[in-house]
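I opened the notebook with a cup of tea and a short list of things to look up. Here is what I wrote down, entry by entry.

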Number of protein chains: 2
Amino acid sequence: MGDRKAKDDLFDALASVAKVLGSGRRAEIVDVLAQGERPVDEIAQEIGQSIANTSQHLQLLLRSGLVHSRRDGTRIYYRLSGPGVAQLWAAVRLVASDHLANLSDLAAAYLGDRSALSTLTRTELKDRMDGGDVIVLDVRPEPEFRSGHISGAVSIPVKELAERLQDLPEGVTVAAYCRGPYCVFADEAVRTMHRHGIPAVRLEDGYPEWEAAGLPVETGNGRGSPQNSTEKTSNV
Amino acid sequence: MGDRKAKDDLFDALASVAKVLGSGRRAEIVDVLAQGERPVDEIAQEIGQSIANTSQHLQLLLRSGLVHSRRDGTRIYYRLSGPGVAQLWAAVRLVASDHLANLSDLAAAYLGDRSALSTLTRTELKDRMDGGDVIVLDVRPEPEFRSGHISGAVSIPVKELAERLQDLPEGVTVAAYCRGPYCVFADEAVRTMHRHGIPAVRLEDGYPEWEAAGLPVETGNGRGSPQNSTEKTSNV
DNA sequence: TATGTTGTCAAGTACTTACTTGAATAAACC
DNA sequence: GGTTTATTCAAGTAAGTACTTGACAACATA
């Protein structure tokens, strides 16, 4: 008890959790899985890597306990193994934004200039939803919407938004949201709507943060096909 | 905006924060620095590594922004760069304890069998302190006590405890605490006191968690030399 | 039973990491 | 001004990591 070797082994094990998150590609995977479970080929597509390489990253995450998997026919779906994993990823992002010298440059290079886009916090959005003067728009890919979204939100993936603007009611502000603070989808959506004269704002963070805050969420197809919509008790 | 290369660079940067925590030795360093600032040679001693190697780990932590340093004469003191870093380390430990299969074995190998030792949560300890029927004992090395401890705690480093048991008042339970849930000092102290018939319990976690919870802390020498004791507004 | 789809495994390569050793600084002490 | 103390730096080595390619396994469908 209390000897060097045992302490090193223990701390190596504790650190192994940080280690698996310490690769940009695996961080992207966790960022995607925080939206809900996904099969390997879709994850590979999302992170821009080969299926073989993605599979190996997923095996690593699996062995370290950060994700679980289930088989459904020929597909294997991966998901985060608990809410703590999404919290850990949020803690990493927080420290990065507080202490990483060049982060804002890198964020600007990926996200573009956000200064012209106004944002709402979670509580501001909740208040305006309760007031009824806003429509909430989920611009993530559809599978992510189906596995969980803000209650009452409408799904139009950002790629389809330009052709589906007529689906949006007129005369009401649109509040778009996506995966989180480092996701471009909502930014792009707000820019597109502004170009067409639609008043639009962006939710400051994304769906995982909304869910983690205990705010109302639902699964299935939501308004579009209410028969599939179900109140959700917990995700992740 | 929104292209692959920029996204990879951004997520590599975010993940770099996790990466520096992803080494057992650097995790031990963060665990020590969560107690307060320390010079290089003491940190090297704590983690059982050469000074050169420890210095290189510290340079890495420094470049990644997780720690800051200051020079005082010939010594260079390192400290965590903000409270978010200790929170991140806590999040890592939480995920590890929830999802790492062999963690309890490794913890048992280092900490020994804890089942015979009773523990108090932070709030339980606070209540008993307010009731006055407990004395709080800080068993960490003295420099850590000096840079911040639970208000009213007495310092007897675990190495000196056996010879200084007479410094403890009789007829009152001793609540020992140390660095955190994976620290052996308080366990050892409680065992020592039990062997001498002193009623003793262990605080469930450690000083950083107490401080992070906003509970009362102070710096300096505390009761021992009240002239040096000062109410503390913030640490880390 | 054959065929296609989805994912994993094994082997190889270029690159990175953790440590060691010994030399180089930087401030303090005499 | 030379010596001591505390730390960093540079170079070297062994081991580990991230990706690629091609073969293999598991299930579904015809």
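**Strand D and its surroundings**

I began with DNA strand D and asked which element gives the most to the surface near it: H4(B) does, with five residues. A note to self before going on: this is a predicted model.

I then looked up the other contributors. H4 of chain A supplies at least two residues of the surface near DNA strand D, and so much is also true of helix H3 (40-47), H4 and strand E3 (75-80) of chain B.

Next I took the full list of neighbours. I found 24 residues around DNA strand D, and the closest are A:Asn53, A:His57, B:Asp41, B:Ser55 and B:Tyr78. Of the strand D atoms that come within 4 Å of the protein, 79% are accounted for by sugar and phosphate.

I sorted the surface near DNA strand D by class and wrote down seven nonpolar, twelve polar and five charged residues.

**Polar contacts to strand D**

Which part of B:Tyr78 lies 2.5 Å from a phosphate oxygen of DNA strand D? I noted a polar atom of the B:Tyr78 side chain.

B:Asp41 uses its backbone: an N or O atom there lies 3.0 Å from a phosphate oxygen of DNA strand D. For B:Thr74 I also noted a polar backbone atom, this one 3.4 Å from a sugar or linking oxygen of the strand.

**Over to strand C**

I turned to DNA strand C and counted its neighbours. There are 24 residues around it, with A:Asp41, A:Ser55, A:Tyr78, B:Asn53 and B:His57 the closest.

How much of the strand C contact belongs to sugar or phosphate? I put down 76% of the strand's atoms within 4 Å of the protein, and the rest belong to bases.

I checked three polar contacts here. The side chain of A:Ser55 has an N or O atom 2.5 Å from a phosphate oxygen of DNA strand C. The side chain of B:Arg26 has an N or O atom 3.2 Å from a phosphate oxygen of the strand. At A:Val40, a polar backbone atom is 3.2 Å from a phosphate oxygen of DNA strand C. Two or more residues of the surface near DNA strand C come from each of helix H3 (40-47), helix H4 (51-63) and strand E3 (75-80) of chain A, and from helix H4 (51-63) of chain B.

H4(A) has the largest share of that surface, with five residues. By class, I listed seven nonpolar, twelve polar and five charged residues near DNA strand C.

**How the two chains relate**

I laid chain A on chain B. A turn of 180 degrees with a shift of 0.0 Å along the axis does it, at an RMSD of 0.0 Å. I wrote "two-fold axis" in the margin, because that is the relation this describes. Both copies use the same surface, and 100% of the contact residues of chain A recur in chain B.

**Cavities**

Last, I looked for enclosed space and found two cavities of 30 Å³ or more.

The largest cavity holds about 50 Å³ of space. Its lining takes A:Lys7 and A:Phe11 from chain A, and B:Asp31, B:Tyr110, B:Arg179, B:Tyr182, B:Cys183, B:Val184 and B:Phe185 from chain B. I classed that lining as six nonpolar, no polar and three charged residues.

The second largest cavity has about 40 Å³ of space. Among the residues lining it are A:Phe11, B:Trp89, B:Arg93, B:Gly180 and B:Pro181. Here the lining divides into five nonpolar, one polar and three charged residues.

I noticed that A:Phe11 is in the lining of the largest cavity and in that of the second largest. With that, I closed the page.

Technical notes
Residues are numbered from 1 along each chain as its sequence is written. Chains are lettered from A and ligands numbered from 1 in the order in which they are written. This is a predicted model: local features need pLDDT of at least 70, side-chain atom pairs count only at pLDDT 80 or more; totals for chains, interfaces and linings use all residues. Side-chain values use heavy atoms; hydrogens and water are left out. On a 1 Å grid over the protein atoms alone, a cavity is a set of points where a 1.4 Å probe fits but cannot get out, and a pocket is an open set with protein on both sides within 12 Å along at least five of seven lines; lining residues have an atom within 4 Å of a point. Grid points are joined across faces, edges and corners, and a volume is the space filled by probe spheres set on the points. Ala, Val, Leu, Ile, Met, Phe, Trp, Tyr, Cys and Pro count as nonpolar, Asp, Glu, Lys and Arg as charged, and the others, Gly among them, as polar. A residue is near a molecule or strand if one of its heavy atoms lies within 4 Å of it. A polar contact is a pair of N or O atoms within 3.5 Å; within protein, one must be able to donate a hydrogen and the other to accept it, and residues adjacent in sequence count only if both atoms are side-chain atoms. Helices (H or I, at least four residues) and strands (E, at least two) are DSSP runs, numbered from the N terminus. Copies are superposed by least squares on the C-alpha atoms of residues with pLDDT of at least 70 in both. Contact means heavy atoms within 4.5 Å.
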